[in-house]
Amino acid sequence: MKADTANKLIGWMLIVLCVGAVAYAVILWLFATLPAWLVWVLIGFAVLVAIGTAMAAAEEYVTKQLGPLETRPRSRYIPNDVKAEAMRRDGGRCRKCGSTKELHFDHIIPYSRGGTNDVGNIQVLCGRCNRRKSNR
Ligand SMILES: [Zn+2]
């Protein structure tokens, strides 16, 4: 473990200890001052707020890492299980002419026009049919 990591860890532990000690003192003081049920309500409320804050922070972190849900990049790459399924469904042959040479996986609705990597949008084509399709 690096020295600065250890220092950071010790710093955080001290902060947690201080906060814990203060919280403990406050809770003891509350129990001495207020009826017990009210203290438990306050503790429950504080825990809920803490959980809410942590969840909001986690969501913010994920959004920062990946971008908002609707703009996360789609992958042009066809997953291997989809390729295997399309190959099995098309019988290992070009769907147009039945050739088994130079086979490609083709997006029926082009990826650039919003086509997905779903197996329903993937077909097996030979090189010749694939080129013919893209020249169309
Ligand atoms: Zn073909």
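Start by colouring the protein chain by pLDDT: this is a predicted model, and its mean pLDDT is 87, with 90% of the residues reaching 70 or more. Among the elements of the chain, strand E2 has the highest mean pLDDT, 96, and helix H4 (residues 127-135) the lowest, 87. Keep one caution in mind as you look around: where pLDDT is low, the predicted coordinates should not be read in detail.

**The whole chain**

Now switch to a cartoon view. You will find four helices and two strands, and reading along the sequence gives the pattern α-α-α-β-β-α. Of the 136 residues, 6% count as buried. Among contacts with a separation of 6 or more, 55% join residues 24 or more positions apart.

**Helix H1**

Select residues 3-33, which form helix H1. How far apart are its end C-alpha atoms? They are 45 Å apart, which agrees with the 45 Å that 31 residues should span at 1.5 Å a residue. Try looking for cover around H1: it is hardly covered, and its count of buried residues is zero.

**Helix H3**

Next, go to residues 80-89, helix H3, and pick out Asp-81. Is Asp-81 buried or exposed? Asp-81 has 9 other C-beta atoms within 10 Å, so it is exposed. Then add Val-119 to your selection: Asp-81 and Val-119 are 38 residues apart in sequence, yet their C-alpha atoms are 9.0 Å apart in space.

**The loop before E1**

Move on to the loop between H3 and E1, where you will meet Glu-102. Glu-102 is not a glycine, but it has a positive phi of about 50 degrees. With 13 C-beta neighbours inside 10 Å, Glu-102 counts as partly exposed.

**The two strands**

Select residues 103-107 for strand E1, and bring in E2 as its partner: the two pair in the antiparallel sense over five bridges. To see one of the pairings, show Phe-105 together with Val-124, its bridge partner in E2.

While you are in E1, click on Asp-106. Asp-106 counts as buried because it has 22 C-beta neighbours inside 10 Å. Which residues does Asp-106 touch, leaving out those up to four places away in sequence? Select Gln-123, Leu-125, Asn-130 and Lys-133 to see them. Lys-83 is worth adding too: 23 residues separate it from Asp-106 along the chain, and the two C-alpha atoms are 9.9 Å apart.

Turn now to E2 itself, residues 122-126. Five of its five residues are buried, so this strand is largely enclosed by the rest of the structure. Show the side chains and look at both faces: Ile-122, Val-124 and Cys-126 point one way, while Gln-123 and Leu-125 point the other. In a regular strand the side chains alternate between the two faces of the sheet.

**The nonpolar core**

For the last stop, select Cys-94, Val-124, Leu-125, Cys-126 and Cys-129, the five residues of the largest nonpolar core. Which element gives this core its largest share? That is E2, with three residues. In soluble globular proteins, nonpolar side chains tend to be buried together.

Finish by centring the view on Cys-94. Not counting neighbours within four places in sequence, Cys-94 is in contact with Val-124, Leu-125, Cys-126 and Cys-129, as well as with Ser-99 and Leu-103.

Key:
Residues are numbered from 1 along each chain as its sequence is written. This is a predicted model: local features need pLDDT of at least 70, side-chain atom pairs count only at pLDDT 80 or more; totals for chains, interfaces and linings use all residues. A residue is buried if 20 or more other C-beta atoms lie within 10 Å of its own, exposed if 12 or fewer, and partly exposed in between; C-beta atoms are placed from the backbone. Two strands pair if DSSP finds at least two bridges between them. Two residues are in contact if their C-beta atoms, placed from the backbone, lie within 7 Å. A nonpolar core is a set of buried Ala, Val, Leu, Ile, Met, Phe, Trp, Tyr and Cys residues joined through C-beta atoms within 7 Å. pLDDT is the predictor's confidence in each residue, from 0 to 100. The expected span of a helix is 1.5 Å times one less than its number of residues.
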